[in-house]
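The questions below ask why particular terms are applied to this model. Each answer sets a value beside the cut-off in use.

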Amino acid sequence: MVLSLLLCTTGCRETGDETKGSQVSGSAVNQQTANSKQQKYANGRYCNSTNFYGKFDMGSERRENMKSKADGIFQYSLDGKRLKEIEIRDMRELFYVDDQWIYFDITTEDSHSLYRAPIQKVKGNDEIHLEQKECLVSSDCWVDLLYIGEKYLVYYDLESCYQYHFATKKATKVKGVKPLEKADDEMENFFAFFSEDGGSLEGEDNYFYYDTITESLVSFRDEVGKKPRVLDNSGNLIFYELEKEDFSKLYCFDKSTKKNSVFLEKKQVEKIVLPKKKSEYYISNVNHTKDRVYVTVSETTKDTGETSDKLLWCAANDTKQWHYEEKLYEYMKKIYTQDKEDYGMTYKTGCLGDIRYPYIYIENEIHNTHWAMNPFVLYNLETGEGKEYTGNDPEYDWF
């Protein structure tokens with residue numbers, strides 16, 4: 001998912017209602033309680049107990065075969081069946097969905113506003129009442145959402161970080177925000193990431209996460225004392241490397257205990273998967289899901305220049321027992337057909353992307369100049385089977 005930021009020199013924060021909706025949401029639905037069939041595509045932030053949502057954009061090339069050209073969202077059943085399109089004009093981002101509310105923003109030339117609209121359950125599906133939407137925050141700059149709790153949400157507006165309180169309908173600065181405001185980076189260079197566990201702000205030299213226990217913004221660089229490159233921030237665990245080390249170790253930081261540990265070392269990877277020949281490699285991705293930690297290792301053999309992706313995993317609470325998904329690697333070699341002349345390198349496999357358990361995204365063959373139309377594969381880590389899709393398929397929205 002491509003994130004973009006709008007440069008802005010001034011900003012304002014105003015809160016209030018456009019129209020009143022229903023009661024304030026309770027805690028988000030725990031997706032881990034869903035059964036295995038529902039888990040097929042139900043562990044994203046766009047999912048509640050009955051439906052899954054994907055965002056579409058006006059003018060996207062993959063939309064040319066579809067009826068609507070407006071901005072808005074797709075609505076799915078939990079088994080992946082697309083039900084309908086819901087138009088939300090000028091919508092920039094879909095932030096979050098639970099059983100009571102859907103959160104999104106509307107961006108025009110004059111304003112950037114965070115909205116929510118109430119959801120009613122009708123015959124096992126969601127009915128979204130956009131006519132009752134509430135404008136929670138309005139700003140001259142883009143508003144990005146970091147976290148939603150029972151009593152408040154946390155947002156960032158290129159100037160600072162704020163809590164918006166549902167009861168008072170007012171915003172106050174988040175505790176611990178001063179290091180962010182004094183950060184070396186320009187504020188507009190921070191990327192905001194939403195999370196049910198507390199979102200984060202990532203800059204070139206700084207990384208901040210929202211601690212839901214202390215209800216404060218924390219400078220991760222101050223916690224570890226060095227310049228980290230964060231690969232995954234999920235639950236209580238942050239997985240990161242140190243930029244100066246060029247991967248020799250993968251570290252794990254526990255936000256609840258404030259303890260730091262080595263999670264995976266280069267020598268372990270060599271023993272688990274790499275052949276006995278000179279290779280260069282780096283960790284390209286980390287996914288903490290379903291009580292497992294998946295690590296994608298990109299390997300380049302020095303003598304031949306062959307490049308490939310390989311997947312390792314261990315239980316989150318047992319770093320001694322690592323597993324190598326060799327069947328996935330062999331599958332990727334079998335299906336890979338990209339023209340090896342494209343980049344002047346020899347690729348043996350496509351690139352592994354994010355995991356929506358049990359599925360992992362494989363960026364495979366390139367046929368089209370527009371990235372949204374490129375074929376991709378979803379591989380089932382439980383069954384060992386994969387299927388190819390394109391940008392015209394609804395599965396595209398799930399990743």
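**Terms and values**

Q: Where is Lys258 found, and how are the strands around it defined?
A: Lys258 is found in the loop between β20 (249–254) and β21 (259–265). Strands are DSSP runs of E with at least two residues, helices are runs of H or I with at least four, and both are numbered from the N terminus. This is a predicted model, in which local features need pLDDT of at least 70, side-chain atom pairs count only at pLDDT 80 or more, and totals for chains, interfaces and linings use all residues. Residues are numbered from 1 along each chain as its sequence is written, and side-chain values use heavy atoms, with hydrogens and water left out.

Q: What makes the phi of Lys258 worth listing?
A: Most residues other than glycine have a negative phi. Lys258 is not a glycine, yet its phi is positive, about 65°. Lys123, also not a glycine, has a positive phi of about 55° and lies in the loop between β7 (112–122) and β8 (125–128).

Q: Why is Lys123 called exposed, and why is Lys258 called partly exposed?
A: Buried means under 20% relative accessible area, exposed means over 50%, and partly exposed is in between (1.4 Å probe, protein chains only). Lys123 has 84% relative accessibility and therefore counts as exposed. Lys258 has a relative accessible area of 37%, so it is partly exposed.

Q: Why is the bond between Tyr357 and Pro358 singled out?
A: Most peptide bonds are trans. The bond that joins Tyr357 and Pro358 is cis, with omega about 5°. Pro358 is in the loop between β27 (351–356) and β28 (359–363).

Q: How do you know that β22 and β23 pair?
A: Two strands pair if DSSP finds at least two bridges between them. Strand β22 (residues 279–289) and β23 have ten bridges in the antiparallel sense, and the bridge partner of Ile283 is Val297 in β23. Two residues lie between these strands in the hairpin, where Lys290 takes a positive phi near 50°.

Q: What makes β23 and β24 a pair?
A: Nine bridges join β23 to β24 (residues 306–315), and the two run antiparallel. Thr296 stands opposite Leu311 in β24. The hairpin of β23 and β24 has four residues between the strands, and Gly305 there has a positive phi near 75°. Strand β23 (residues 292–301) is mostly covered, with eight of its ten residues buried.

Q: What makes a set of residues around Ile283 a nonpolar core?
A: A nonpolar core is a set of buried Ala, Val, Leu, Ile, Met, Phe, Trp, Tyr and Cys residues joined through side-chain atoms within 4.5 Å. The largest one has 19 residues; those with the most contacts inside it are Phe239, Leu250, Phe263, Ile283, Val286 and Val295. Two or more residues each come from β19 (237–242), β20, β21, β22, β23 and β24. Apart from this core lies another, of 18 residues, among them Val154, Tyr156, Val177 and Ala183.

Q: Which residues does Ile283 touch?
A: Contact means heavy atoms within 4.5 Å. Leaving out residues up to four places away in sequence, the partners of Ile283 include Leu250, Leu264, Val295 and Thr296.

Q: Why is the pair of Tyr152 and Tyr210 called edge-to-face?
A: Rings of Phe, Tyr and Trp (its six-membered ring) pair if their centres lie within 6.5 Å; planes under 30 degrees apart count as stacked, over 60 as edge-to-face and the rest as tilted. The structure holds 22 such pairs. Tyr152 and Tyr210 are 6.4 Å apart centre to centre, with 75° between the planes, and the pair is edge-to-face. Tyr152 lies in β11 (residues 152–156) and Tyr210 in β16 (residues 207–211), so the pair ties together parts 58 residues apart in sequence. At 8% relative accessibility, Tyr152 counts as buried, as does Tyr210 at 0%.

Q: What makes the pair of Tyr361 and Phe376 stacked?
A: The centres are 5.0 Å apart and the planes are 20° apart, which fits the stacked class. Tyr361 is in β28 and Phe376 in β29 (residues 376–380), 15 residues apart.

Q: How do you know that Cys314 forms no disulfide?
A: A disulfide is a pair of cysteine sulfur atoms within 2.5 Å. The closest cysteine sulfur to that of Cys314 is in Cys252, 9.4 Å away, too far for a bond. A search of the whole structure finds zero disulfides. Cys314 counts as buried at 0% relative accessibility, and Cys47 is buried at 3%.
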